[in-house]
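Trainee: Hey, got a minute to walk me through this model? I'd like to start with how the chains touch.
Mentor: Sure, pull it up and fire away.

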Amino acid sequence: MNFKTRLGLGILGFFTLIAVVGEWIAPYDPSAMGDDLLSPPSGAHWFGTTMTGQDIFSQVLVGTRGVMVVGLVCGVLATFLSILVGVTAGFLGGAADEALSMLSNVFLVIPALPLIIIVASMLPSADTVLIAAVISLTAWAWGARVLRAQTMSLRRRDFVEAARASGERTWRIIVFEVLPNLTAVIASGFVGTVIFAVMLQITLSFVGVVSLSTWNWGTILFWAQSNQALGQGAWWWFVPAGLCIALLGTALALINFGIDEYANPRLRKVRA
Amino acid sequence: MTFLLRRGLFYLITLWAAITANFLLPRLLPGDPVQAMITKLGGRLNSDAMASLYILFGLDEKKSLWEQYVDYWGTLLRGDLGLSFTFFPTPVADVLSQSLPWTLGLVGVTTVIAFLLGTLLGVYAGWKRGSWLDTLIPVTTFLSSIPYFWLGLIAISVFSVTFPLLPASGGYAAGLVPEFSWEFISSVLEHAVLPGITIVVSSVASWILGMRNMMVTVTAEDYVLVARAKGLSQKRIMFAYAARNAVLPSISGFALSLGFIVGGALLVEMVFSYPGLGYVLFQGIGAKDYPLMQGVFLVITLAVLVANLLADVGYLLLDPRTRREG
Amino acid sequence: MEEVAPAFETALEAKGLVKTYKRVRAVQDVSLVLRRGRVTALVGESGSGKSTVAKLLARLVEPTEGEILLDGRKVRRVREYRRKVQMVFQDPFASLNPVHTIRYHLTRPLKIHKRPETPEELMERVQLPADFLSRYPYELSGGQRQRVAIARALAAHPEVLLADEPVSMLDVSIRLGVLNLLLDLKERLKLAVLYITHDIASARYFADETFVMYGGQIVEGGDSESVTQQPAHPYTQLLIESAPDPERSVVALDAPVEEVAAVSAGCQFAARCPKVQSRCWTDAPPRSDVGAGHWAACWLYVEAAA
């Protein structure tokens with residue numbers, strides 16, 4: 001494991017920890033209003049305060065959980081869907097493949113953001129898990145595409161034929177012979193999906209279509225934007241949450257490079 | 001030719017899927033926001049406008065779903081997308097036709113710039129693998145992990161608030177009338193700089209990375225080794241042999257990720273209050289203006305499909321194999 | 001040489017097999033019989049259709065025409081068929097799944113076909129130490145892997161073993177060991193073995209009966225001794241001349257597939273035959289007897305018989 005991958009795992013571990021303990025270590029109630037209005041970072045408020053005197057540091061800490069939960073739930077759901085569609089299409093071939101590939105390409109080409117915005121704003125209660133489910137429905141297609149291509153190259157390999165010749169059933173061949181050989185691809189698809197889901201969730205919160213009753217990094221930015229934090233020069237209101245998003249995204253991307261390099265030796269560093 | 005026909009058929013199916021999703025969503029999801037809105041607007045709606053909203057949002061429950069679907073298509077084909085609640089009583093189609101050119105201009109130009117710039121940098125980074133250029137990777141990774149809209153916020157705070165160099169919002173200076181004059185055009189360009197740079201900076205990274213990895217893969221291929229053995233110049237090998245082959249997957253990737261890029265660009269428009277579809281969508285969200293939101297979705301989908309078709313033509317021109325088949 | 005003794009009962013019989021891929025006829029009208037306790041060799045160069053025959057007989061591919069009889073009857077259920085007919089693949093580096101242990105590879109067929117044996121017994125049968133069971137394929141040499149592949153095929157307790165070039169990917173020094181293992185297993189388990197190879201010299205050593213394939217058809221057949229010592233078909237003669245030692249392959253003879261497929265009406269070999277006659281181009285040659293149980297599909301012998 002190289003330095004980049006370790007760095008990525010380290011950052012991810014840090015945020016996971018915050019997601020678990022954030023609520024307990026937060027110095028203030030993130031929604032409680034205080035007397036210091038719109039004050040810059042200080043000893044009492046590390047990340048400063050909002051227009052109504054809420055502690056931004058506490059908001060970031062508490063909001064981490066919502067972000068990580070959506071990332072994880074979407075990652076699991078969408079990866080499951082992409083395996084189901086991609087591997088089945090690649091393994092079966094023929095008309096089933098044509099239909100399933102068409103389905104994933106349609107989902108890829110249709111712009112997801114406006115569609116999700118419409119769905120999210122039509123839902124009567126857009127809570128975290130429901131949003132995660134909706135995001136998953138649009139996030140599986142890329143993984144399915146990659147898995148299909150990989151499965152097709154595995155399908156004609158001799159060990160698959162050999163398993164058939166020894167009498168294995170088709171579902172067992174897919175699950176126990178083909179899938180284990182796709183571990184790296186599936187893992188990198190999972191990480192990619194988590195990045196996508198986190199970005200989308202934060203975007204939806206920022207735009208204001210998701211319930212604002214629970215904190216996440218996107219809702220912080222929503223309040224910052226709707227209170228003209230920019231015009232008032234309150235950079236501390238939107239910088240911390242944005243940096244957290246970028247850090248988490250970078251960490252996941254670094255992990256993905258690690259997986260890619262592991263799976264594709266050509267991308268490994270040239271040995272001096 | 002068969003390649004383009006196949007693709008064209010696929011785009012038609014995609015368009016059909018998008019329209020059908022648009023038809024089904026308000027009918028499947030609980031709640032009746034449009035009904036509420038119509039009640040609120042009450043007498044200010046004429047009967048024609050009322051009828052089209054009923055058809056678009058499935059309030060006419062006496063008809064079967066199939067009849068509603070047929071009516072829906074009829075309404076769409078007449079170019080009737082209903083009335084916007086936000087810009088009441090302007091028809092959605094009119095709102096969209098005013099904002100579409102702004103989006104096409106901004107997103108179109110910046111996406112092409114980002115693609116060309118990113119591909120070029122990626123070719124170079126992949127060719128010079130192992131040099132200092134590799135340090136670009138973590139930097140670009142970080143940049144691509146920043147949400148478009150947040151980068152826009154930072155850009156505004158630095159270049160409009162702290163150092164007031166460029167305008168922070170709008171498509172042209174207030175008080176100007178859209179006309180073909182230098183004053184107006186320069187104002188448009190000035191207003192496009194910040195949103196444009198934001199889109200380019202946050203989307204260029206993925207092209208650099210994708211192209212670099214393809215280059216690394218391609219430079220290990222036999223035909224590149226042979227070209228080296230023949231003693232051809234580095235530049236020639238880099239572009240005529242390696243890059244030419246590496247760019248093809250990048251173009252198909254371009255087509256497929258366009259929907260994603262456009263989503264990001266819409267957010268940039270929201271942040272900069274740029275008078276394109278994204279800002280219209282943003283206003284629609286606030287007012288729960290479903291006719292407007294759905295109209296934006298349809299128009300964006302159509303635009304993405306057309307852009308995809310253009311990318312296919314580009315692919316066809318670059319790939320000798322598909323050319324011969326055609 | 002005697003006729004095939006009746007003691008060797010028929011295990012698998014293929015009648016008029018045809019396999020067409022899009023426009024290419026990979027296999028045209030192939031009939032052959034595999035008998036218990038006998039090795040039948042199918043010799044041909046790459047592209048001759050011999051591997052397709054193996055896949056047809058393993059029912060990995062469905063024939064376009066023709067039928068396969070197991071113990072004299074058609075078997076509808078594929079699993080029942082696979083209990084009796086097993087296959088060993090050419091490339092032992094590809095035919096074992098890199099993510100599974102050797103034990104997994106052997107346990108699965110035992111479970112599928114409800115056999116009482118243990119993986120350890122199977123390992124002993126192919127002369128491998130039992131402690132290899134916990135290893136992964138990449139930890140084994142090519143010869144060892146091929147033995148594992150053979151053990152896996154034996155797990156089902158089959159009557160028929162289809163061996164598709166089982167030694168061609170192995171080092172020359174260990175080929176004989178694997179072939180001898182197959183011979184020994186054939187004797188002990190009364191297996192009917194189909195040995196597919198491009199190396200006609202090894203067919204003489206290893207097989208009781210030999211068929212020669214060209215362009216998707218069997219052009220000559222008979223007991224191995226007479227086919228290899230008195231080859232009748234010009235193609236077989238060319239094969240033997242051009243491969244005097246088993247190490248040299250018959251690359252020189254390789255023809256592009258299109259050329260092979262181009263001849264539709266007459267003899268497939270006409271374009272490359274040194275003794276070609278005018279009717280070879282237009283009429284397919286019938287089978288003619290050239291010795292005891294030895295036949296060739298060539299016009300040269302129709303003259304002689306007439």
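Trainee: How many residues does the contact between chain A and chain C take from each?
Mentor: That contact takes 15 residues from chain A and 21 from chain C; contact here means heavy atoms within 4.5 Å. Before we go on: this is a predicted model, where local features need pLDDT of at least 70, side-chain atom pairs count only at pLDDT 80 or more, and totals for chains, interfaces and linings use all residues. Residues are numbered from 1 along each chain as its sequence is written, chains are lettered from A and ligands numbered from 1 in the order in which they are written, and side-chain values use heavy atoms, with hydrogens and water left out.

Trainee: Okay, and what area is buried between chain A and chain C?
Mentor: About 1700 Å², with carbon and sulfur atoms giving 48% of it. Buried area is the accessible area (1.4 Å probe) that two parts lose on being put together, summed over both. On the chain A side, A:Asp158, A:Ala165 and A:Ser166 supply 30% of what chain A buries against chain C, more than any other three residues.

Trainee: How many salt bridges are there across that interface?
Mentor: The rule finds two between chain A and chain C. It asks for a side-chain nitrogen of Lys or Arg within 4 Å of a carboxyl oxygen of Asp or Glu. A:Glu161 forms a salt bridge with C:Lys55, with the closest N and O atoms 3.7 Å apart.

Trainee: Which element of chain A gives the most to that side?
Mentor: α7(A) does, with six residues. Both α7 (158–165) and α8 (170–178) of chain A supply at least two residues each to the side touching chain C. Helices (H or I, at least four residues) and strands (E, at least two) are DSSP runs, numbered from the N terminus. By class, that side of chain A has five nonpolar, three polar and seven charged residues. For the classes, Ala, Val, Leu, Ile, Met, Phe, Trp, Tyr, Cys and Pro count as nonpolar, Asp, Glu, Lys and Arg as charged, and the others, Gly among them, as polar.

Trainee: Switching over: how many residues of chain A are in contact with chain B?
Mentor: There, 48 residues of chain A are in contact with 53 of chain B. The buried area is about 4600 Å², and carbon and sulfur atoms give 80% of it. Of the two pairs of chains in contact, A and B share the most contacts.

Trainee: And what's the salt bridge count between chain A and chain B?
Mentor: Zero. α11(A) gives the most to the side of chain A that touches chain B, with eleven residues. By class, that side has 34 nonpolar, nine polar and five charged residues.

Trainee: So how far apart are the closest C-alpha atoms of chain B and chain C?
Mentor: They lie 18 Å apart, and no contact joins those two chains.

Trainee: Back to salt bridges. How many does the structure hold over all chains?
Mentor: 21 over all chains. One within chain A joins A:Glu23 and A:Arg65, with the closest N and O atoms 3.6 Å apart. A:Glu23 lies in helix α1 (residues 3–25) of chain A and A:Arg65 in helix α2 (residues 56–92) of chain A, so the pair ties together parts that are 42 residues apart in sequence.

Trainee: Now chain C. What's the strand order in the open sheet of eight strands?
Mentor: In chain C the order is β5-β6-β7-β3-β8-β9-β11-β10, with mixed pairing. Two strands pair if DSSP finds at least two bridges between them. β5 (85–88) and β10 (287–291) of chain C stand at the edges with a single partner strand each, so one side of each has no neighbour in the sheet.

Trainee: How many residues sit between β10(C) and β11(C) in their hairpin?
Mentor: Two, and C:Gly293 in the turn has a positive phi of about 65°. Four bridges join β10(C) to β11 (residues 294–297) of chain C, and the two run antiparallel. C:Asp289, for one, has C:Trp295 in β11(C) as its bridge partner.

Trainee: Last one: what's the order in the open sheet of three strands?
Mentor: It goes β2-β1-β4 in chain C, with antiparallel pairing. The edge strands are β2 (24–35) and β4 (65–70) of chain C, each pairing on one side only. β1 (residues 10–21) of chain C pairs with β2(C) over eight bridges, and C:Ala14 has C:Leu32 in β2(C) as its bridge partner.
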